Amino acid sequence: MITKSKKIIDKIAFGLLSPEKIRKMSATRIITPDTYDEDGFPIEMGLMDPRLGVIEPGLRCKTCGQKVKECPGHFGHIELAMPVIHVGFAKTIYNVLKATCRGCGKLLLPEEEIIKLREDYKKVVKRGNSTAAFAKEVIKKTSKVTKCPYCGREVLPVELDKPTTYREGGRKLTPAEVREWLEKVSDALGDDLRLLDINPEVAHPEWMVLTVLPVPPVTTRPSITLETGERSEDDLTHKLVDIIRINQRLQENRDAGAPQLIVEDLWELLQYHVTTYFDNQTSGIPPARHRSGRALKTLAQRLKGKEGRFRSNLSGKRVNFSARTVISPDPNISINEVGIPIAIAKELTVPIKVTPYNIEEMKELVKRGPEPEPLEGTIYLPGVNYVIRPDGRRIRVTSENAETVAERLEVGSIIERQLDDGDIVLFNRQPSLHRMSMMAHKAKILPYKTFRLNLAVCPPYNADFDGDEMNLHVLQSEEARAEAEILMKVQEHILSPRFGGAIIGAIHDHITGCFLLTYGNKVFSKEEALYILSATGYTGKIKEKMTGKEIFSKILPEDLNLEYKAKLCNSTEEECRKNDAYVVIKNGKLLEGAIDEASIGAFKGKIIEYIMRKDGSKAARKFIDKVTKLGIASITLIGFTTGIDDEDIPEEAQMQIKGVLENAKKKIQDLIRAYREGELEQIPGRSLEETLEMEIMRVTGKARDQTGEIASRHLGLDNSAVIMARSGARGSMLNLSQMAGAVGQQAVRGERIHRGYHGRTLPHFKKGDLGAEAKGFVSSSYKSGLTPTEYFFHSMGGREGLVDTAVRTSRSGYMQRRLINALENVRLEEDGSVRETTGKVVQFHYGEDGIDPTKSIRGKAVDPELILKEVTNE
Amino acid sequence: MKFDILKHTLVPHHEILSGEDVEKLLKTYKIKKEDLPQMLVTDPVAKAIGAKDGDIVKIVRKSPTAGTSISYRLVVKKEII
Ligand SMILES: [Mg+2]
Ligand SMILES: [Zn+2]
Ligand SMILES: [Zn+2]
């Protein structure tokens with residue numbers, strides 16, 4: 001049903017409620033802390049009084065006569081026996097007290113100065129400047145006054161004892177005294193209250209000291225009935241019960257003429273309850289707790305923080321037409337697609353308006369009902385879940401009524417069709433840190449229960465398949481679909497605005513596969529070439545014998561000309577040319593070089609970037625779809641495996657590594673001896689100890705590098721692990737040398753491990769031992785296994801890494817949120833300047849160079865080298 | 001001897017815009033003076049070049065992205081009123 005709001009909000013004004021206003025808007029005075037009687041009926045003038053609104057379906061409100069959902073609820077009130085300070089205004093009260101005289105309530109400034117301030121205030125308002133900042137200056141001026149210029153009363157220093165206790169000249173002021181004072185201020189200042197940033201039309205200072213407490217309607221604090229039939233009350237109700245109880249006792253004691261001390265104690269207790277009722281995290285007082293020990297969630301807690309009203313119900317909220325499930329890979333769908341389980345597709349719907357042009361078609365659709373039988377050879381056929389008639393009535397389509405609903409279908413109705421192949425949906429993975437975290441995909445309905453996505457889109461979402469879940473949203477309007485299609489489709493995000501390069505591209509086995517295919521001059525038979533190329537949908541000619549490079553060339557655009565160093569390359573151009581590590585592509589033919597991460601990888605893929613810039617997003621998408629399939633077909637055909645024996649190195653190499661480590665240890669001993677004997681040469685600006693540590697770190701670092709170098713000498717490109725590392729598919733040579741050679745020095749806070757026991761790291765070592773083993777040097781390899789002490793040191797280093805990431809993510813999350821909130825209204829104008837919504841200039845030329853980083857070449861507007869090559873080659 | 005801050009490497013080039021150029025600037029960006037970023041009259045550079053309240057200062061900076069970039073600031077008096 002479409003409901004229209006009857007009232008339009010024109011403006012919102014903020015002010016304070018006066019006691020009279022609170023009483024006037026109150027439906028009833030609340031006097032008893034009890035809520036329900038034995039029969040379960042709400043007690044009159046209790047906290048659940050039926051006049052405060054209805055929460056039980058079927059009942060009518062005693063105040064307005066409306067039913068649940070219609071009745072907004074009504075306020076009640078509590079008459080406080082003694083006034084209490086409102087914590088939310090403690091600071092404002094403090095400011096007013098500081099700036100005024102207790103004797104006459106006037107502003108502590110001479111007449112002529114006030115006259116001038118009135119003029120200044122007018123200017124502030126006219127210029128739209130901050131009246132709060134102005135008030136601060138006024139209060140600052142009054143602080144120097146020692147005697148009231150009007151009544152001559154001595155001005156005593158006022159202090160605020162947080163949260164709600166005021167002192168004048170060291171003597172405590174009761175809330176009643178504070179209120180008296182504020183009343184005087186109200187009377188004496190009148191319109192001059194504006195100088196203190198208080199609008200007398202809507203707020204009087206004395207209203208900040210409560211004498212009447214509004215009781216929120218039951219609709220804001222509904223009680224819930226547990227399965228056992230027991231009633232459980234809202235935290236606010238609990239708090240109000242406390243307030244009423246203490247209020248009653250205070251009243252009784254005061255009326256009975258109890259000793260001043262008892263009355264004061266109860267008064268303070270009432271102040272405590274009212275304070276925690278507003279904010280249960282007020283600093284300086286213990287939070288009020290539930291019987292179970294849980295802190296109560298009172299008014300401020302409902303609004304504040306991540307779980308508060310703003311961040312969890314206003315800035316972000318739960319939505320319809322969305323789904324969430326585990327993700328898994330599907331190399332056979334396009335990067336533009338997303339696989340959606342049938343069960344989800346049946347729940348998610350797209351609204352379609354019935355027009356004279358499509359009514360027959362729509363009738364057929366509705367006739368299918370919500371559970372149509374799939375056609376022969378297919379797995380899914382979309383049905384219709386709801387029909388919304390022109391009058392707004394929503395009819396659930398069932399298998400039984402489908403026929404009749406279809407017959408009665410009129411133009412102007414809307415049918416909610418189940419999701420179908422090709423529908424545009426938004427796909428998202430948290431944390432949504434950049435715009436590529438939410439992209440538009442084309443739906444593809446698949447069996448089983450997971451969302452399926454192409455592996456090439458894992459990098460922008462930062463997704464893997466170890467249990468990650470993702471969200472999906474179905475767009476509901478034509479505008480939204482058009483916008484998503486044009487701006488948010490995956491292919492429009494191949495280049496990242498983060499660094500102006502490809503963020504979508506081949507990963508892992510795609511890279512290994514293409515590398516195996518193109519490295520060296522492997523020759524493939526016709527059958528093999530056919531197997532690989534058919535996977536990409538290639539339909540052209542195939543030769544009797546083809547090299548891997550020729551096969552790869554088939555998926556390259558014909559006018560592609562590129563030259564660059566491959567990932568494999570680790571030295572000069574000439575050197576790399578010899579090792580097949582320099583890629584040369586001429587007229588769409590791969591002539592030299594192996595294809596690896598530098599060519600097709602996400603983050604690095606030169607070919608992808610180039611095609612994207614030259615031929616556009618569609619061509620780039622097609623290339624990525626092909627190259628991933630080509631890679632997988634190649635690796636499947638050629639075969640690829642890795643195991644721990646990939647890190648095997650010959651005996652002789654192991655001896656060499658041992659030698660290097662021994663040598664390093666000896667060098668460290670020498671350094672320590674030199675240090676002890678005072679022969680160590682001090683590095684300028686460092687203490688002797690620091691010098692020693694730095695020297696030792698250098699030795700251990702060098703030793704690790706050397707062992708790695710020895711290990712890699714025996715790990716060639718015939719080794720699977722090395723192929724993955726060198727081609728950029730997965731892992732690094734450092735990982736390998738740590739597995740095969742030695743793990744190396746463990747560090748905490750960038751220093752050798754030094755904490756633990758007194759004078760040593762572990763009880764296994766002598767006190768004062770500065771040697772390699774005692775300070776966290778791991779000379780074992782991951783493969784040979786670590787000794788217990790080495791393992792412990794390694795865990796220390798590893799823990800620091802974990803803590804670092806945990807701290808970093810939380811801190812950068814907070815930083816990002818503040819940035820987003822600060823920058824959300826800044827936009828780029830047509831003239832290239834960056835402006836606020838008010839038109840104020842932030843930047844005269846976006847980014848100073850006016851370059852859209854997405855369209856830049858790795859941040860630069862042009863790539864002169866590439867242009868030069870293009871011009872000279874052709 | 002007083003150090004000339006305008007000669008410091010970290011201080012970009014500042015100059016007071018002539019009335020004619022001010023007109024042109026406001027016209028090209030279709031803005032009012034108040035829409036410009038601001039700098040205080042008490043700013044050491046403003047003092048050094050003798051800029052007064054209401055002047056517009058042209059600043060030419062070195063830019064890592066564009067080589068040099070030009071921006072403008074309105075000189076204002078600090079007042080909470
Ligand atoms: Mg994961
Ligand atoms: Zn009502
Ligand atoms: Zn006075």
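What spacing do the donors of the magnesium ion (ligand 1) follow along the chain? They follow the spacing D-x1-D-x1-D, and the protein donors (N, O and S atoms within 2.8 Å of the metal, or 3.2 Å for Na, K and Ca, with water not among the atoms, so that sites may look incomplete) are Asp464(A), Asp466(A) and Asp468(A), each through OD, at 2.0 to 2.2 Å from the ion. Asp464(A) is partly exposed at 36% relative accessibility, whereas Asp466(A) is exposed at 63% (buried means under 20% relative accessible area, exposed over 50%, partly exposed in between, with a 1.4 Å probe and protein chains only).

The model is predicted, and local features need pLDDT of at least 70, side-chain atom pairs count only at pLDDT 80 or more, and totals for chains, interfaces and linings use all residues. Residues are numbered from 1 along each chain as its sequence is written, chains are lettered from A and ligands numbered from 1 in the order in which they are written, and side-chain values use heavy atoms, with hydrogens and water left out.

The zinc ion (ligand 3) is coordinated at 2.2 to 2.3 Å by the SG atoms of Cys101(A), Cys104(A), Cys148(A) and Cys151(A), and the arrangement is tetrahedral because the four donor atoms subtend angles of 103 to 117° (four donors count as tetrahedral if all angles lie between 85 and 135 degrees). Along the chain, these donors follow the spacing C-x2-C-x43-C-x2-C. Cys101(A) is buried, with a relative accessible area of 3%, while Cys151(A) is partly exposed at 42%.

Notes: Tetrahedral: all angles 85-135°; square planar, octahedral: opposite > 155°, others 65-115°.
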